[in-house]
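Good morning, colleagues. Please look at the sequence and the structure on the screen, and I shall then go through the main features in turn.

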Amino acid sequence: MKIGLMGAGAMGEAIVAAVTRSDPAVAAASDVSVFDISRQRMALLQSDYGVQAATEPAGIADGAGFVIFAVKPQDFERAAASIAEKLGSATVVSIMAGVTLSQLQNLLHTDSVVRAMPNTPAQIGEGMTGWTATPAVTDAAREGVRRIFGAMGKEAFVPDEKYIDMVTGLSGSGPAYVFLFIEALTDAGVHIGLPRDIAATMALQTVLGSARYAENNGKHPAELRNQVTSAGGTTAEALRAFEKGAFRSVVQEAVIAAYEKSKALGEAAKK
C-alpha cells in the first residue's frame with residue numbers, strides 16, 4: 001500500500017507510526033511519502049520512521065493509493081490547490097475537523113473521499129476513529145481505510161456524514177473528558193489526605209484498569225457498577241453524591257455541547 005501524507009504534526013506522526021510499525025505493517029516505510037511546511041518535522045519523520053520526505057506537496061501523490069490530509073482546517077485550501085491536479089486515482093482521506101465531504105470533493109476535484117475523526121490515543125495505538133465515505137470509494141479502498149485506522153486502535157464506519165459530528169462530540173473530544181475525570185479524582189484523593197503522587201497513580205490505574213476490565217468482561221457498565229456497590233456501603237454513598245450532582249446529565253450536556261460546536265464549525269466552513 002502506498003500512502004501520501006499531507007501534514008507531519010502529532011496526528012500525522014501517529015498515522016506514520018501506526019501503518020509502518022503494526023504487525024504486519026500496513027505499509028512499508030519506503031512506500032509512505034510525507035510533506036509538511038516544516039522541513040524539521042519532515043526530517044524527523046524520515047529519520048525516526050524511514051519514510052520518504054517529499055520536496056513538494058504534489059510529490060506525496062506520486063503512485064499513492066491513499067492521500068491523507070492531516071493539516072489544520074484553515075490550511076486545507078492552500079494544501080488542496082498544491083496537489084489537486086496530481087491525485088490521479090488516489091482515495092483522499094481527511095482527518096481535518098469541520099471540513100466536509102463536499103468541500104473535499106470540490107477543492108480536490110475527486111469523488112473518492114473519506115472523512116474521519118480519530119482521537120489522540122491513536123498516538124500510542126489505542127485510538128478510536130469514526131469514518132465515513134462517499135459512494136465513489138470502492139470496497140477495496142474502504143478495506144484499506146479500515147487497515148490504516150485499525151492500526152491506530154479501533155475504527156468504526158458510520159453510514160452518513162452527519163454522524164461524524166457525533167463522533168467528534170463523543171470519542172474525538174472524549175479523551176479530554178477522561179483526563180478531567182482523572183485530574184478530579186486525583187485532587188479528591190489529595191483533599192482527603194493522600195500524597196499527590198500516590199493519588200495520581202491510584203486515579204490513573206483505576207481508570208485504566210476499569211476500562212480494561214469492562215472491555216474484557218463484556219457486561220453492561222451498569223452491571224459492572226453493581227458488582228462494586230454493596231447495599232449501604234461506601235460505593236453506594238459515593239454514587240449517591242454523583243447522582244446528587246447530576247453527574248450523568250453533566251456528561252451528556254458536555255457531549256452535546258461538543259457535538260453542536262462541531263456542527264457549527266462545519267456550517268461556518270461552508271460559508
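**Pockets, sheet and local geometry**

The largest pocket encloses about 2600 Å³ of space. Please bear in mind that what we have here is a predicted model.

Let me stay with that pocket. Its lining comprises 49 residues, and those nearest the centre are Val178, Phe181, Val207, Ser210 and Ala211. Which classes of residue make up this lining? There are 32 nonpolar, 10 polar and 7 charged residues in the lining of the largest pocket. As to the elements involved, strand 7 and strand 8 each contribute at least two lining residues, and so does each helix from this list: helix 6 (162-172), helix 7 (174-191), helix 8 (196-217), helix 9 (221-228), helix 10 (234-244) and helix 11 (247-270).

I turn to the second largest pocket, with a volume of about 650 Å³. Here 31 residues form the lining, and Ala70, Val71, Lys72, Pro73 and Asp75 are nearest the centre. At least two lining residues come from each of helix 3 (76-81), helix 6 and helix 11. By class, the lining of the second largest pocket has 16 nonpolar, 10 polar and 5 charged residues.

Helix 6 and helix 11 thus appear in the lists for the largest pocket and for the second largest pocket. How does helix 6 lie relative to helix 7? The two axes come within 5 Å and cross at roughly 25°. Because angles under 35 degrees count as roughly parallel, helix 6 is described as roughly parallel to helix 7. In this contact, Gly169, Leu170, Ser171 and Gly172 of helix 6 meet Gly174, Pro175 and Tyr177 of helix 7. The contact residues divide into 3 nonpolar, 4 polar and no charged.

Next, the sheet. It is an open sheet of 8 strands with mixed pairing, in the order 3-2-1-4-5-6-7-8. Strand 3 (52-53) and strand 8 (153-157) each have a single partner strand, so one side of each is left without a neighbour in the sheet. Within the sheet, strand 5 (residues 91-94) and strand 6 (residues 113-117) run parallel and are joined by 3 bridges. Valine 92 has valine 113, in strand 6, as its bridge partner.

Which helix lies across strand 8? Helix 5 (residues 139-150) does, running at about 145° to strand 8. Helix 5 also lies across strand 1 (3-6), strand 4 (66-69), strand 5, strand 6 and strand 7 (127-133).

Finally, two points of backbone geometry. Most residues other than glycine have a negative phi, and most peptide bonds are trans. Aspartate 23 and proline 24, however, are joined by a cis peptide bond, with omega about 0°. Proline 24 is located in the loop between helix 1 (10-21) and strand 2 (32-35). Histidine 109 is not a glycine, yet has a positive phi of about 55°. The place of histidine 109 is the loop between helix 4 (101-108) and strand 6.

Notes:
Residues numbered from 1 in each chain as written. Predicted model: local features only at pLDDT ≥ 70, side-chain atom pairs only at ≥ 80, totals over all residues. Heavy atoms only, no water. Pairing = 2+ DSSP bridges. Helix = DSSP H or I, 4+ residues; strand = E, 2+ residues; numbered from the N terminus. Contact = heavy atoms within 4.5 Å. Axes fitted to C-alpha atoms, helices over the stretch in contact; angles between N-to-C directions. 1 Å grid on protein atoms, 1.4 Å probe; cavity = no way out; pocket = protein on both sides within 12 Å on 5 of 7 lines; lining within 4 Å. Points joined across faces, edges and corners; volume = space filled by probe spheres on them. Nonpolar A, V, L, I, M, F, W, Y, C, P; charged D, E, K, R; others polar. Parallel < 35°, antiparallel > 145°, perpendicular 65-115°, else oblique.
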